[in-house]
Amino acid sequence: MDIEISEIANLPSIFGDFKVKVFKVGCKEHLVIFKEPLSEIPIVRVHSECLTGDAMGSLKCDCRDQLEHALLLASKTNGMVIYLRQEGRNIGLLNKINAYALQDKGLNTIEANHQLGFDTDERTYEIVPLILESFGIKKIKLLTNNPKKVSSLSGIEVVERVPIIMKSNPHNEAYLNVKKEGMGHLL
C-alpha cells in the first residue's frame with residue numbers, strides 16, 4: 001500500500017486541543033485527530049466520513065452525534081479519532097444521495113444500496129492497523145457499535161469495545177433499527 005503521511009499539526013477545537021496527521025492512500029486522505037500524550041491503551045473511534053451528518057447536521061443518521069461524542073471523549077481520555085474518507089459506507093456522495101432518494105420512496109438503507117448495485121457496506125479498514133502501528137499502538141479500546149470494525153483490525157488487540165449509542169430522533173429511528181437488525185450493530 002503506497003501511503004503518504006503528513007507532518008503533525010496543532011488543531012485547537014471546540015472539543016479540545018488536538019494534534020492532527022493525515023495518511024493519504026491514493027486519492028483518499030484520512031485524518032487522525034488525537035490528544036497527547038496518548039493513553040497507554042487509548043480509546044479510538046474509527047469514524048467513516050458522513051458529509052450530510054458530520055457537516056450538515058442531517059437528522060437521518062447518528063453520525064454527527066457519534067463524531068462529537070468521540071471527539072469529546074478523545075479530549076478527556078487522551079484518545080484518538082481516525083476519520084476515514086469513506087462517504088456513504090464507501091459508495092461516494094453521489095451514490096449516497098441517490099440512495100437517499102430511494103429511501104424517500106420507501107426503501108431502507110440496505111435495500112437502496114442493493115438497488116444501486118452495492119453491497120450493504122462497502123467500507124474497508126485495512127489502513128487502520130497501519131495508522132495505529134505508526135503511533136506505536138498495539139492495544140486499543142474501540143469506540144464502536146459495529147462488530148465488523150472489531151474483527152477487521154488485524155494485528156491490533158481490541159481489549160474493549162466501548163459502545164457509542166446516541167439518542168434517536170423521528171428521522172433516524174428506522175435507520176438505526178436497520179443498522180441493528182440488518183447489519184448487526186450492537187445498539
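Hi everyone. Let me start with a pair of charged residues: Glu87 and Lys96 are both buried. Their side chains meet in a salt bridge, at 2.7 Å from N to O. Please keep in mind that this is a predicted model.

So how many salt bridges does the structure hold? There are 5, and I'd like to show you two others. In one, the side chain of Arg85 meets that of Glu49, with 3.1 Å from N to O. Arg85 sits in the loop between E6 and H3, while Glu49 sits in the loop between E5 and helix H1, residues 51–55, so this pair ties together parts that lie 36 residues apart in sequence. Are these two buried or exposed? Arg85 is partly exposed, at 33% relative accessible area, whereas Glu49, at 15%, counts as buried.

The other one joins the side chains of Lys60 and Asp104, at 3.3 Å from N to O. This pair also links distant parts of the chain: Lys60 is in the loop between H1 and H2, Asp104 is in helix H4, residues 93–104, and the two are 44 residues apart. Lys60 counts as partly exposed, with 29% relative accessibility, and Asp104 is exposed, at 60%.

As a general point, side chains of opposite charge can pair when their charged atoms come close.

Now let's move to strand E5. All of its residues, 6 of the 6, are buried, so E5 is largely enclosed by the rest of the structure. In a regular strand, the side chains alternate between the two faces of the sheet. Here, both faces are covered: on one side we have Ile43, Arg45 and His47, and on the other Val44, Val46 and Ser48, all of them buried.

Which strands pair with E5? One partner is E6, which runs parallel to E5 and is joined to it by 5 bridges. Within that pairing, Arg45 has Val81 in E6 as its bridge partner. E5 also pairs with E7, again in the parallel sense, over 2 bridges, and there Ile43 stands opposite Lys141.

Let's look at the nonpolar interior next. The largest nonpolar core has 18 residues, and those touching the most other members are Met80, Ile82, Val128, Leu132 and Ile140. Strands E4 (28–34), E5 (43–48), E6 (80–84) and E7 (139–143), together with helix H6 (127–134), each give two or more residues to this core. H6 gives the most, with 4 residues. Apart from this core lies another one, of 16 residues, including Val20, Ala70, Ala74 and Val81.

If you want one residue to click on, try Ile140. Leaving aside residues up to four places away in sequence, Ile140 touches Ile41, Pro42, Val44, Leu132, Leu153, Ile156, Glu157, Val158, Val159 and Glu160.

My last stop is helix H8, residues 173–183. Its buried residues are Tyr175, Leu176, Val178, Lys179 and Met183. Looking down the axis of H8, you'd see these buried residues fall within an arc of 155°, so they line one face of the helix. There's a general pattern to recall here: an α-helix has 3.6 residues a turn, so residues three or four places apart point the same way.

What do the buried residues of H8 pack against? They pack against helices H2 (63–77), H3 (87–90) and H5 (109–115). On the other side of H8, Ala174 and Glu181 are exposed. Just after H8 comes Gly184, which takes a positive phi of about 75°.

That's my tour, thanks for listening!

Technical notes
Residues numbered from 1 in each chain as written. Predicted model: local features only at pLDDT ≥ 70, side-chain atom pairs only at ≥ 80, totals over all residues. Heavy atoms only, no water. Core = buried A, V, L, I, M, F, W, Y, C linked by side-chain atoms within 4.5 Å. Buried < 20%, exposed > 50% of the residue type's maximum accessible area, 1.4 Å probe, protein only. Contact = heavy atoms within 4.5 Å. Arc of directions from axis to C-beta. Salt bridge = Lys/Arg side-chain N within 4 Å of Asp/Glu carboxyl O. Pairing = 2+ DSSP bridges.
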